[in-house]
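Here is a short report on one protein chain. Keep the sequence and the model side by side while reading.

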Amino acid sequence: MTAPDAPSSAEQPWPVRTVARKVNEWINRLGAVWVEGQITQVSARPGTSTAFLTLRDPSVDMSMSLTSPIALVRNMEPPLVDGSRVVVHGKPAFFAGRGTLSLRVDEIRAVGIGELLARIERLRKLLNAEGLFDPRRKRKPPFLPNKIGLITGRASAAERDVLTNARNRWPGARFRVVNVAVQGPTAVPQILTALSTLERDVEVDVIVLARGGGSVEDLLPFSDEALCRAVASCRTPVMSAIGHEPDSPLLDHVADVRCSTPTDAGKRVVPDVAEEGQRVLQMRDRARRALHGWVDRERKLLHSLRTRPALSDPHGPLDRRAEDVDRLRERGRRAVLARLATEQNGLASTAARLTTLGPAATLARGYAVVQRVTPEGVDGVLRSTTEAPAGTRLRVRVADGAVHAVVTEDGGSGAQTGS
């Protein structure tokens, strides 16, 4: 047999009583605690001294059994009902005979409206400081969603308002409706489950959370921290349509779009088919006018281009240019011929002058112009041979068109003359 404090094993397991005793010892070390939650069940039968209650966490699907003196429950003001928010003080107790855990309560305090509002305000500041209210993180829902996810109460006025107004505006709107509890202790867990279901649906493009108006206590689930954080983490845009215009749960600030009422959500989640049809007609009319205007402008431009001389008579400018070329060529030819004639006349005149003044003509007539050159220089022109001294000899040579005469006196060295 295994010793009470020896470790358990498959060969030497603990008996049930040992486990129950150890669990009871561990729980007794916890001592008294304060716990907050929602009452979901109250059982206070007449003739009994103990009342049995169930305390539920409003954010998750988790609850705990309570035992309390029946007088403590009956003397509560206001009386405890399902959904009451309370703070209880008690000590955990383990009932070894049944293997159950319970909280023995010796004090129950109802959470008042003022305290609830104060807690909501503290949560509002916390979420705002974390950036969950920042408009920059909010996403715009699609213009025309493929399918709309709707989370609302079963057969509620909010569901009817959203569906009716949306389908009146866009008859082809498709919905996936998930009905949940929208108040009470089970509201938050059911809404979280529905939100997760629609988030996984690839056809759902936008999610609408809708509920009609109610008291502060009725709208408490929509200010729950777990729900606000779940909505903030959704990849699908979420529209909040909770209560009436004055109501402002925290979900309105976290959601991507806040709608004042469920009716407003039905009008904003889809476009109006009549308005869109009218807009299409207007755009078609604008497009038609713009196209006609453009065609008219291009037609006028084309007509203007066709009436220009370059296009109306494309050969005319070429013909005129050809005439100009012929005229200029003729002028150039005449100018060249005139210049050649002038130069020829000048050349002929110069040649005539050279012929007249040249020695060849003089020689041809039998004459010569002779200069006498002495060692001292030129001694004038010999007008006749009679002027030459006796014994002077003349020797004439014509070369390169010039006459060269050499006068030699007395057989001495001669000097060259020419003209």
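Helices (H or I, at least four residues) and strands (E, at least two) are DSSP runs, numbered from the N terminus. On that basis the protein has 12 helices and 15 strands. The model is predicted: local features need pLDDT of at least 70, side-chain atom pairs count only at pLDDT 80 or more, and totals for chains, interfaces and linings use all residues. Residues are numbered from 1 along each chain as its sequence is written, and side-chain values use heavy atoms, without hydrogens and water.

**Overall figures.** Of the 419 residues, 33% are buried (under 20% relative accessible area; exposed is over 50%, partly exposed in between; 1.4 Å probe, protein chains only). The exposed area is about 26200 Å², and carbon and sulfur atoms supply 55% of it (Shrake-Rupley method, 1.4 Å probe). Contact means heavy atoms within 4.5 Å. Among contacts with a separation of 6 or more, 58% join residues 24 or more positions apart.

**The barrel.** Five strands close a barrel in the order β1-β2-β3-β5-β4, with mixed pairing. Two strands pair if DSSP finds at least two bridges between them. Neighbouring strands of this sheet are turned by 55 degrees against each other on average, direction ignored. Strands β1 and β4 run antiparallel and are joined by 6 bridges. One bridge pairs Gln38 with Arg85 in β4. Helix α1 lies across β4 and β5, at about 145 degrees to β4. Axes here are lines fitted to C-alpha atoms, for helices over the stretch in contact, and angles run from 0 to 180 degrees between N-to-C directions.

| Element | Residues |
|---|---|
| α1 | residues 16-28 |
| β1 | residues 33-43 |
| β4 | residues 85-95 |
| β5 | residues 100-110 |

**Leu72.** This residue sits in helix α2, residues 70-74. Leu72 counts as partly exposed because its relative accessibility is 24%. Beyond its neighbours within four places in sequence, Leu72 contacts Val105, Asp106, Glu107 and Ile108. Thr50 is 22 residues from Leu72 in sequence and 9.4 Å away, C-alpha to C-alpha.

**Helix α4.** How far should the 13 residues of helix α4 (residues 157-169) span? At 1.5 Å a residue the answer is 18 Å, and the end C-alpha atoms are 18 Å apart, which agrees. The expected span is 1.5 Å times one less than the number of residues. Buried residues in α4 are Ala158, Glu159, Val162, Leu163, Asn165, Ala166 and Arg169. Their cover includes strands β6 (147-152), β7 (175-179) and β8 (204-211), along with helices α8 (262-268) and α9 (273-307).
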